Amino acid sequence: ECHRTAAKDWPAVAGAHGIETLHITELVAASKLSLPGPAVHGTIQDPCRLTRHMGKGDVLRAALSKAKNLKVTEMMRHGVSADCCGSSSWLNCSAGTAALQAERLAAARATGAGVLLTACPKCEIHLACAQFASEKKIPVRNVASVLAGALEPAPATAPVKSEAR
């Protein structure tokens, strides 16, 4: 949401602002990181704005590929063909949006993945909320949190000056 606004909407309305706008997945994808973290089996909820509006679904997957112990199983409809999470831009929470969310969650569970990954806070909140009273749950996690959790732990003590690189 913020990335699209800063990268696309502001320049369209107010003119070029001269600021390079990157999504966190772009920084991770372009990095030399190799994240050793714990084993995770996930499936991706493609955010509408990041994937369809900004064309960065491949960047999202490239960032996730940096986590060496992360296995991704795609849902049948993914990338630019992915179904919306039903958040309605936070304008509405109705039977219609609940039906969209139920379908998307069923598709996520059908992959056999243990976690639903997304880079959109709206998807994260609405898909988690839609499962509040459900017996069949799949945890919903933000991609940035999963990637941060895959980082190597910091050393217990700071290196002495001669050990610092």
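Start by selecting Thr 25 in this predicted model: leaving aside residues up to four places away in sequence, Thr 25 touches Leu 50, Val 59, Leu 60, Ala 63 and Val 143. You'll find Thr 25 in helix α2, residues 24-30. Is Thr 25 buried or exposed? Its relative accessibility is 2%, so Thr 25 counts as buried, the cut-off being under 20%.

Two of those contacts, Leu 60 and Val 143, lead to the next stop. Select Leu 60, Leu 64, Ala 67, Leu 117, Val 143 and Leu 147: in the largest nonpolar core, which has 16 residues, these touch the most other members. Now colour α4 (57-64), β3 (115-118) and α7 (143-149), the elements that each give two or more residues to this core. Click on Leu 64 as well; among residues more than four places away in sequence, Leu 64 touches Ile 44, Leu 70, Leu 117, Val 143 and Leu 147.

There is also a second, separate core of ten residues, and Leu 105, Cys 123, Leu 127 and Val 140 are among its members.

Leu 105 takes us to helix α5, where it is one of the buried residues. Select residues 95-110 to see the whole of α5: 16 residues, reaching 22 Å from the first C-alpha to the last. Then highlight the buried ones, Thr 97, Gln 101, Arg 104, Leu 105 and Ala 108. They cover an arc of only 100° around the axis, so they sit on the same side of α5. Show β1 (40-45), β3 and α6 (121-129) too, since that's what these buried residues pack against. Flip to the other side of α5 for Ala 95, Glu 103 and Ala 110, which are exposed.

Last stop: Gly 112, which follows α5 and has a positive phi, near 85°.

Methods
Residues are numbered from 1 along each chain as its sequence is written. This is a predicted model: local features need pLDDT of at least 70, side-chain atom pairs count only at pLDDT 80 or more; totals for chains, interfaces and linings use all residues. Side-chain values use heavy atoms; hydrogens and water are left out. A nonpolar core is a set of buried Ala, Val, Leu, Ile, Met, Phe, Trp, Tyr and Cys residues joined through side-chain atoms within 4.5 Å. Buried means under 20% relative accessible area, exposed over 50%, partly exposed in between (1.4 Å probe, protein chains only). Helices (H or I, at least four residues) and strands (E, at least two) are DSSP runs, numbered from the N terminus. Contact means heavy atoms within 4.5 Å. The expected span of a helix is 1.5 Å times one less than its number of residues. The arc is that of the directions from the helix axis to the C-beta atoms.
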